[in-house]
Every structure is written in C-alpha cells, then in structure tokens.
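Please work through the following exercises with the sequence and the model at hand. Each task is followed by a solution in steps.

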Amino acid sequence: MAEISFHGAAGTVTGSCHLLETGDRKILLDAGAFQGPWAVESLNYKPFGFNPQDIHSLVLSHGHLDHCGRIPILANQGFKGNIFTTYPTRDIAHFILMDSAHILKEEFLWRQKRLIRAGIKAEKPLYTFDDVYYSMDLFDRPVRLKEKVELGDGVSVQFHAVEAGHILGSAQVYLDYPGKKGRRKRLLFTGDLGDGDRPLVNDPERPKRPIDVLVMESTYGNREHRSYEDSVLELEEAITSTIKKGGTVLIPTFALERSQELLFHIGNMKRAGKLSANIPVFLNSPLAIDITRLYQKYCDYCRLEFTDRAGKQNSPFMFPGLHFTQTADESKAIHMIQGPKIVLAGSGMMTGGRIKHHLKHLLWKESTTLVIVGYQAEGSLGRKIVDGADTVKIFGQPVSVRARVYTINGFSAHADRRHLLDFARRAKPEKIFVVHGEPASSAALADDLRSELHNTEIHIPKLGQKFRI
Ligand SMILES: [Zn+2]
C-alpha cells in the first residue's frame, strides 16, 4: 500500500513538498520555501508535518526557491538521506540557497539593529550559510535525464527524470513503486511544466503512459498566455523606442531563466542590427551572473539551436556592450553613464535588490521605460506600478511614476490552461492531484479536468492531507 501527503504548494503556489510512503520507504518530492505575504511565508517556520529524520530520499524537480528553499531546514532537522536531482539543478540550488541565506542574514541584522534598543532579541534567521553548506553535501546523487535509478534498498522504488521545459535542468519526476498483488504502479510529478517553444530550454516531454497517479502544477490553470512572438516584438519595440530618445530601459528581472532569456533576445537585436553595438547593457545581479555562467556549463541541457550557437561563439549571451555588474560600487557607477542604456537588475518584483536604487534615480523621468516581464505579487512594489500608481514609496521617499511602463506577460515559464489540459488528457491517469496554484486557478483546472476525464479521480489536496494511491 502506498500513500501520498501534501506539505506545501497545496492551496498555494509556493512551498512545493509532497511525501510518497510505500512499504518502509519515505520519499520526498521537493522541499520548497513558502513565499509571498507573511501569512504564507510564516509557514516556513512551522513543522513539516513529518519527521525529517524518517525521510530516505529527496527528489528535487528544479532549482527555484519555492521548490528547494526548505532543504537547509530539512537537513538542520535531521534529514540525512540522498538528494536526487539533475546536474544543473544541483548547481542552481547551491547558488539559490546561498543567495537566500544571504538575504535571511541581512534581514536578521536589520531586525536586530532595530530591536536592540528596545532590549529585545531578534528571532534567529530561518537558516544560515552553515546550514546551506551542510545540505549541499546531501546533493550527492546527481542524475542525467532518463537515467533510471533505484531509490535505496528494501522496497523497490525506481525513479527517472525527464525534461520539464521550465528552466535549465528542470525535470518531471517518474516514480515506479509497488502496488497491490505485485503490480507496479507509476506516479508522475510534473514539477513546474514549461509552455514549450522557448529559445533556451527544450519542450516539456509528453507524458508516457501508463500513469496511475499524476501530481500536476496549476499555476496558470485558469489563464491562457499571450503569444511568445508578440511578447518578443513588444520587448523590441519598448527597447528601440526608448533608446532612440536617449532614455534608459529598466528591466526588473528574476535571476534564473528570465534574465538569460532577455539577454538572448537583446543579443539577437544587436546581431540583427536592430540595436546599435555601442548601447551598453548591464546585467546588474551577482546571482543572475552566476546562473548565466551555468547555462554555458550545461548547454547540453538546452535547446539544440542554442547549443550550436554556444559551441560556435563561446557564449550565446555575450554580445558587444554587455557588462556584468558584480559589485555594489559598479552598480552605483551605472548612474554616472550618460546616454541611452539598458539595465537588467533584481529583484523581479522590485521588493528589494539593486533595481530599487535604479528606480529611485529613474522612475520619475519621462525618458525612462520600465519593462515588467514577470509575475508581480499582491502588495509588491511592482504590483503597485502595474496597477497604475502615480507615486510610490522607495526607501521611504515618495517617487512619482513618470516613466513609460510596459507589462509583457508572454514570457511566463509555466504551461497555460490549454497546455495543462492537453498534458492531463494524454496522461489519462486514475488519479490527479492538482497542486501549485492559487485556489481559483487550481479549482478552474480541476473543473475542466472533471468535465473531460470521466474515469479519473480529481483532487485538490489541502495542506497536510493524505491519500491512498
Ligand atoms: Zn519553478
């Protein structure tokens, strides 16, 4: 008998974490951080809902923080098993977790400084650099896509990963486990599924039947994306019109995948002569710089056209005028540079990081264009700007929004409603668990699935809920 229980991304997008129990084996799928408003983020401080010491293996679908961000806590609380993931995800997780430990430390020091005068001790950070170093030792079982791996001794659970098409190294996870009367059963966990036809990553692999249990994401379960080509054209228009007027293009961006995709398109504009070679382009994020280098290291995990280019030119991201801005001093020096320029800086939702300094200097200028290419959560500075605020507060000071603002939605790295439905239709499992979505989005997808797949049980699990599979 096997059971699955849900310990994150159940009723929320973030915190991906599901537990498969079969015989004496306990296998965790992801251990992601909860992100967003405090009501959600505070769940990181709550117990997992299982004993980390009892977990034999962790299978990690990809390196986004909402899929790997609780691994240091898991390790700190006694998890000593192996972590199975692809080679690129192992390296990405290392950078993402170190960056997260850095942010947690900064937040802790800031809180401590404020509370010390009141004689109050600030609460310790969720985890430290030491916890990350220790947990990296557990990433000792990197795998190649399609490689079949036995997860430990005892009850036989076989695992293999296939392309998810979401970000570099992202994988869908297949687990074959013992069912009733000696029959083998198969669970497919989609992780985050890509939308296909992207310049850097390959298309997501179609499901391979038979599949008994499908655990599927539903981030955009109620939405269809605008065409990717239209989004690239809109990006090009925003850039060329601003540069022509001598202004600055500011692109708040996520370090992983989106930054590299944008660099790729800006490079294409330069190569095609749509943008002068002299125009400086700054990638102003140490994390994005580290991850960009990983695309070079693991270009064999990328789309073939991209790999060919990487082989010929050393780096497909390199083009005239590109600057990697590593230090804070170099970041400040960007403001001294006169004339048109393009600046990519984090964080993607403008809640922190170097983009806030650029916004303080440039958001009030009509010559600036702000290009928003990613999801902006409720309450974030980015969301306020998208919603049309005239004035916003940056570092406690009011700044008027006089820049042109473009919101381009078609760059999403997630499959939309149409692709998710098509995926489930092909998988035709006995049971589907809809996870990783806001309630409205999961509910809409579940309704669509119920109306199409009459012989499939559809569940939207709640946090902590357990099912027999
Ligand atoms: Zn993801």
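The exercises below treat a predicted model and go from domains to sheet, helices and backbone.

**Exercise 1. Domains**

Task: Determine how the protein is divided into domains and how much area domain 1 and domain 2 bury between them.

Solution:
- Step 1. Domain 1 is made of two segments, 2–223 and 413–468, while domain 2 covers 228–407.
- Step 2. The C-alpha centres of the two domains are 29 Å apart.
- Step 3. At the interface, 27 residues of domain 1 contact 22 residues of domain 2.
- Step 4. The area buried between domain 1 and domain 2 is about 2200 Å², and 66% of it lies on carbon and sulfur atoms.
- Step 5. On the domain 1 side, Leu168, Pro199 and Leu200 lose the most area to domain 2; together they account for 34% of what that side buries.

**Exercise 2. The seven-stranded sheet**

Task: State the strand order of the open sheet of seven strands, then locate the helices that pack on the sheet.

Solution:
- Step 1. The order is β7-β8-β9-β10-β11-β20-β21, and the pairing is mixed.
- Step 2. β7 (149–150) and β21 (457–459) are the edge strands, each pairing on one side only.
- Step 3. β7 pairs with β8 (residues 158–163) in the antiparallel sense, over two bridges. Here Glu150 is opposite Gln158 of β8.
- Step 4. Helix α13 (residues 417–427) lies across β9, β10, β11 and β20, and runs at about 175 degrees to β11.
- Step 5. Helix α14 (residues 439–452) also packs on the sheet, where it touches β11, β20 and β21; its direction makes about 160 degrees with that of β20.

**Exercise 3. A helix pair**

Task: Work out whether α4 is roughly parallel or antiparallel to α8.

Solution:
- Step 1. Helix α4 (residues 87–116) and helix α8 (residues 286–297) pack at about 175 degrees, with axes 10 Å apart.
- Step 2. Angles over 145 degrees count as roughly antiparallel, so α4 is roughly antiparallel to α8.
- Step 3. From α4, Asp91, Ile92, Phe95, Ile96 and Asp99 meet Leu287, Asp290, Ile291, Leu294 and Lys297 of α8.
- Step 4. This contact has six nonpolar, four charged and no polar residues.

**Exercise 4. Backbone exceptions**

Task: Identify which peptide bonds to Pro210 and Ser347 are cis or trans, and find the sign of phi at Asp197.

Solution:
- Step 1. Most residues other than glycine have a negative phi, and most peptide bonds are trans.
- Step 2. The bond from Arg209 to Pro210 is cis, with omega near 0 degrees; Pro210 is in the loop between β10 and β11.
- Step 3. The bond from Gly346 to Ser347 is cis, with omega near 5 degrees. Ser347 is in the loop between β15 and α11.
- Step 4. Asp197 has a positive phi, near 55 degrees, and lies in the loop between β10 and β11.

Definitions and conventions. Residues are numbered from 1 along each chain as its sequence is written. This is a predicted model: local features need pLDDT of at least 70, side-chain atom pairs count only at pLDDT 80 or more; totals for chains, interfaces and linings use all residues. Side-chain values use heavy atoms; hydrogens and water are left out. Axes are lines fitted to C-alpha atoms, for helices over the stretch in contact, and angles run from 0 to 180 degrees between N-to-C directions. Helices (H or I, at least four residues) and strands (E, at least two) are DSSP runs, numbered from the N terminus. Angles under 35 degrees count as roughly parallel, over 145 as roughly antiparallel, 65 to 115 as roughly perpendicular and the rest as oblique. Contact means heavy atoms within 4.5 Å. Ala, Val, Leu, Ile, Met, Phe, Trp, Tyr, Cys and Pro count as nonpolar, Asp, Glu, Lys and Arg as charged, and the others, Gly among them, as polar. Two strands pair if DSSP finds at least two bridges between them. Domain bounds come from an automatic or database domain assignment. Buried area is the accessible area (1.4 Å probe) that two parts lose on being put together, summed over both.
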